[in-house]
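Student: I want a close look at one strand pairing here. Then take me through what surrounds it, region by region.

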Amino acid sequence: MAEFPVACKKLEFEKIIHRITQLAGSEPGRDIVRSISPGTDPVSITAELARVSEMKELLVAEHQLPLDGIKNITGALRKTTVENQILTVQELLDVGSTLRAGRSVQGFLGKRRSQYPRLAEFLPFLFSDKVLEFNLFDALDESGIVKDSASKELQTIRKDSIAVSEQLRKRLAAILRQVSEQDLLQDEIVTTRDARMVIPVKTEYKHRVPGFIHSSSASGATVFIEPAETLDLNNALRELQIRKQREIDRILRELARQVGEVREPLARNARALADLDALCAKGRYSIEILGSFPIIVSENRINLLDARHPILLQTHGRENVVPLNIEFGREVGTLIITGPNAGGKSVALKTVGLSCLCIQSGIHIAASPDSEFPIFRSIFVDMGDDQSIENDLSTFSSHLVNLKTIIDGADNHSLVLLDEIGAGTDPAEGGALGAAILMELTNRRCLT
């Protein structure tokens with residue numbers, strides 16, 4: 001069983017993932033980055049590292065891939081599986097935006113397929129439908145409304161609504177003037193209650209204005225009356241509003257139907273774009289750390305050249321991080337590092353571990369491209385203070401629990417990183433235990 005989750009946690013691999021997430025341009029792309037975890041298949045790992053190299057090359061040459069407008073449309077597409085379902089304006093705009101992004105990327109990569117053959121492998125999954133894209137943007141406004149151009153019926157209804165509304169306002173304004181002269185009004189304004197135009201009248205004079213009371217103010221000092229003489233116009237306006245909503249629903253339902261007809265290619269397009277965005281983030285990260293695609297070897301050995309701790313790079317900059325060269329696995333399977341406090345021992349261990357996690361996650365490493373790494377089936381780490389009050393474990397006991405897990409699972413396809421083995425107890429006993437464990441791991445041909 002691969003021990004990657006524990007290794008990722010102890011080595012703070014999530015800080016690298018967080019940085020790459022920040023370099024993605026869309027939420028679907030960020031979701032892909034967040035799901036990155038180390039793999040064990042050399043073929044897929046090598047392929048992903050090569051794609052990152054190609055994306056990095058593209059970004060250096062072209063500065064960007066036209067990925068603007070990628071949205072999360074999974075929920076919208078799922079809704080279209082239900083017959084006569086209505087999608088919101090925003091959901092349809094998101095589909096249109098993602099469709100437009102797919103067309104842009106399709107055209108961009110299509111012209112450069114010979115330069116970037118690995119990225120061109122995404123082309124069959126990208127999808128464009130100019131008719132649907134036109135229909136969506138012709139009918140919907142970016143501000144979230146259905147345009148008049150969506151249908152002649154909607155255009156007519158809106159024109160009639162404006163005319164009736166204007167007529168109603170003029171009639172109410174005339175009534176306001178009459179009532180105002182009698183000092184019956186609370187405010188000289190026309191307002192709306194229950195989608196009908198009303199006027200605010202002082203409560204004590206409500207019987208002086210013929211009409212229908214719709215509501216009153218919180219204080220009770222005002223009632224909102226619809227004058228009887230504007231009833232017909234209010235009814236006409238309300239009917240037009242109902243017709244308008246019915247026509248908008250029809251338009252949205254029809255657009256949702258058109259989206260549903262190409263649901264599968266739209267879903268593949270959205271996934272391919274998210275994958276490309278995540279790949280773009282990895283490429284930007286490689287540019288940022290001056291990263292490289294190292295040599296993947298079949299032998300169980302590591303040769304790390306001019307390597308820098310990737311998290312320290314993020315916080316301190318390249319000039320302030322000391323590079324590391326370390327080689328083991330040929331004649332020496334177990335390497336013991338000793339030295340003073342703050343001498344870089346833990347940083348060296350973490351640099352090796354994080355480099356391995358990055359490589360097996362398809363992420364370039366901050367090291368020379370001549371560095372060599374195998375693909376580990378498991379990475380075990382015992383590092384830091386795992387003291388647990390809840391489980392009644394001392395620092396030393398927690399180390400023993402970790403070491404038992406390592407002894408139970410490590411083999412000749414494992415990397416084992418131990419920081420201060422045997423510490424936290426009697427030096428003689430801790431030293432003896434540490435020596436015994438190291439001998440066992442060496443006999444198993446782990447890289448330790």
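Which residue in β4 is the bridge partner of S216?

Tutor: The model is predicted, so read every value below as computed from predicted atoms. The partner of S216 in β4 is V223. That bridge belongs to an antiparallel pairing of β3 (residues 211-216) with β4 (residues 222-227). Five bridges join these two strands. Five residues lie between the strands of this hairpin. Among the hairpin's residues, G220 takes a positive phi near 85 degrees.

Positive phi also turns up in residues that are not glycine. Most residues other than glycine have a negative phi. H63 departs from that habit, with phi near 75 degrees. H63 sits in the loop between α4 (42-62) and α5. Its relative accessible area is 67%, above the 50% limit, so H63 counts as exposed. R445 is another case, with a positive phi of about 65 degrees. R445 lies in the segment after α15 (427-443). It counts as exposed because its relative accessibility is 63%.

Now a second strand pair. β6 (residues 302-307) and β7 (residues 324-328) are antiparallel, with four bridges between them. I326 in β7 is the bridge partner of L304. The side chains of β7 alternate. L324, I326 and F328 point to one face and are buried. N325 and E327 point to the other face and are not buried.

Next, the interior. In soluble globular proteins, nonpolar side chains tend to be buried together. Here the largest nonpolar core has 50 residues. Those touching the most other members are F13, I302, L304, I379 and L415. Helix α13 (residues 345-360) gives the most to this core, namely eight residues. A separate, second core has 26 residues, including L92, L99, F137 and I248.

I302 repays a closer look. Leaving out residues up to four places away in sequence, I302 touches I326, E327 and F328. Its other contacts include V352, C356, E372, F373 and P374. F376, L415 and L447 also touch I302.

F137, named in the second core, leads to α8. The buried residues of α8 (residues 130-139) are L132, E133, L136, F137 and A139. What covers them includes α6 (89-110), α10 (231-261) and α11 (263-289). D129 caps the N-terminal end of α8. A side-chain oxygen of D129 lies 3.2 Å from the backbone nitrogen of V131. R100 lies over the face of F137, at 4.2 Å from the ring centre. R112 is placed likewise over the face of F108, at 3.7 Å from the ring centre. Aromatic pairs are a separate matter. With ring centres required to lie within 6.5 Å, the count of such pairs is zero.

H364 is a buried histidine worth tracing. H364 lies in the loop between α13 and β8 (372-373). Its relative accessibility is 3%, under the 20% limit, so H364 counts as buried. The H364 side chain reaches the backbone oxygen of L49 at 3.2 Å. The same side chain makes a polar contact with the side chain of S53, at 3.1 Å. Setting aside residues up to four places away in sequence, H364 touches L49, V52, S53 and K56. Its further contacts include Y285, S286, I289, G291, S292, F293 and C358.

V52 is one of those contacts, and V52 lies in helix α4. V52 counts as buried because its relative accessibility is 0%. Beyond its neighbours within four places in sequence, V52 is in contact with L279, K282, G283, G362 and H364. V52 and R118 are 66 residues apart in sequence, with their C-alpha atoms 9.4 Å apart in space.

V82 makes a contrast. V82 is in the loop between α5 (74-79) and α6. At 46% relative accessible area, V82 lies between the 20% and 50% limits and is therefore partly exposed. V82 and T448 are 366 residues apart in sequence. In space, C-alpha to C-alpha, V82 and T448 are 56 Å apart.

Terms used. Residues numbered from 1 in each chain as written. Predicted model: local features only at pLDDT ≥ 70, side-chain atom pairs only at ≥ 80, totals over all residues. Heavy atoms only, no water. Pairing = 2+ DSSP bridges. Phe/Tyr/Trp six-rings, centres within 6.5 Å; stacked < 30°, edge-to-face > 60°. Lys NZ or Arg CZ within 6 Å of the ring centre and 35° of its normal. Core = buried A, V, L, I, M, F, W, Y, C linked by side-chain atoms within 4.5 Å. Buried < 20%, exposed > 50% of the residue type's maximum accessible area, 1.4 Å probe, protein only. Contact = heavy atoms within 4.5 Å. Polar contact = N/O pair within 3.5 Å; in protein donor to acceptor, adjacent residues only side chain to side chain.
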